[in-house]
Amino acid sequence: MIRPALVVAALLAATPALAQEPTGECYQLEVSVVQNGVEVVSTRTQIIEDMTATASANINGVAYAFEADLFTVQGDGDEAQMMVQAHLSRGEAEIAAPRLTFLRGDRAAVRVGDESGDLLTMSISPIE
């Protein structure tokens, strides 16, 4: 049986001005929304330190929007703590706004749900 899942590949990392090169580390960010045990939205993208990634999709007439920021919150060099702060909305309602803190170069994941039974999973890992 084919599981009804839609893959949204529209997440794009924002790029700096044309004359600048990104200086931060690059990470892979994966996000999915599960409703009643069925994955309805799933996406994977790259996000660069001190940049923003955004995406949107219209699934069965319902608009989903996602935005994430990745930045350093404490420390210096390899021991710095990083934070990814995300916002996911369905229509005009925000589904979740998770924040995930992790050490630079490490992997991390978070799962959050809302009162409607939707589950958001988000994971981030460095790209070598």
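Which pattern does the chain follow when it is read along the sequence? With the whole chain of this predicted model selected and coloured by secondary structure, the elements come in the order β-β-β-β-β-β-β-β-β-β-β, and the count behind that pattern is 11 strands and 0 helices.

Before zooming in, keep the whole chain in view and switch on a surface representation. The accessible surface comes to about 7700 Å², with 49% of that area belonging to carbon and sulfur atoms, while buried residues account for 38% of the 128 residues. If contacts are drawn between residues at least 6 apart in sequence, 45% of them join residues at least 24 apart.

**First stop: strand β7 and its partners**

Select residues 81–90, which form strand β7, together with residues 62–74, which form strand β6; these two strands pair in the antiparallel sense over 10 bridges. Within this pairing, a place to centre the view is Glu 67, which stands opposite His 87 in β7.

Now keep β7 selected and add strand β9, residues 99–103, which pairs with β7 in the antiparallel sense over 5 bridges. Here Gln 81 can be labelled, as this residue stands opposite Leu 103 in β9.

Next, add residues 93–96, strand β8, which runs antiparallel to β7 and is joined to that strand by 3 bridges. Arg 90 stands opposite Ala 93 in β8, and from there the view can move to the turn itself. The hairpin of β7 and β8 has 2 residues between the strands, and in this hairpin Gly 91 takes a positive phi near 65°.

**Second stop: the aromatic pair**

How many aromatic pairs does a search of the whole structure find? The search returns 1, and selecting Tyr 27 and Phe 102 brings that pair into view, with an edge-to-face arrangement in which the ring centres are 5.6 Å apart and the planes meet at 75°. The two residues belong to distant parts of the chain, since Tyr 27 sits in strand β3 (residues 26–35) and Phe 102 in strand β9, 75 residues apart.

With both side chains still selected, turn the surface back on and ask of each: is Tyr 27 buried or exposed, and is Phe 102 buried or exposed? Tyr 27 has a relative accessibility of 0% and therefore counts as buried; Phe 102, with a relative accessible area of 5%, is buried too, because the cut-off for that class is under 20%.

Definitions and conventions:
Residues numbered from 1 in each chain as written. Predicted model: local features only at pLDDT ≥ 70, side-chain atom pairs only at ≥ 80, totals over all residues. Heavy atoms only, no water. Pairing = 2+ DSSP bridges. Helix = DSSP H or I, 4+ residues; strand = E, 2+ residues; numbered from the N terminus. Buried < 20%, exposed > 50% of the residue type's maximum accessible area, 1.4 Å probe, protein only. Contact = heavy atoms within 4.5 Å. Areas by Shrake-Rupley, 256 points an atom, 1.4 Å probe, with all protein chains shown as cover. Phe/Tyr/Trp six-rings, centres within 6.5 Å; stacked < 30°, edge-to-face > 60°.
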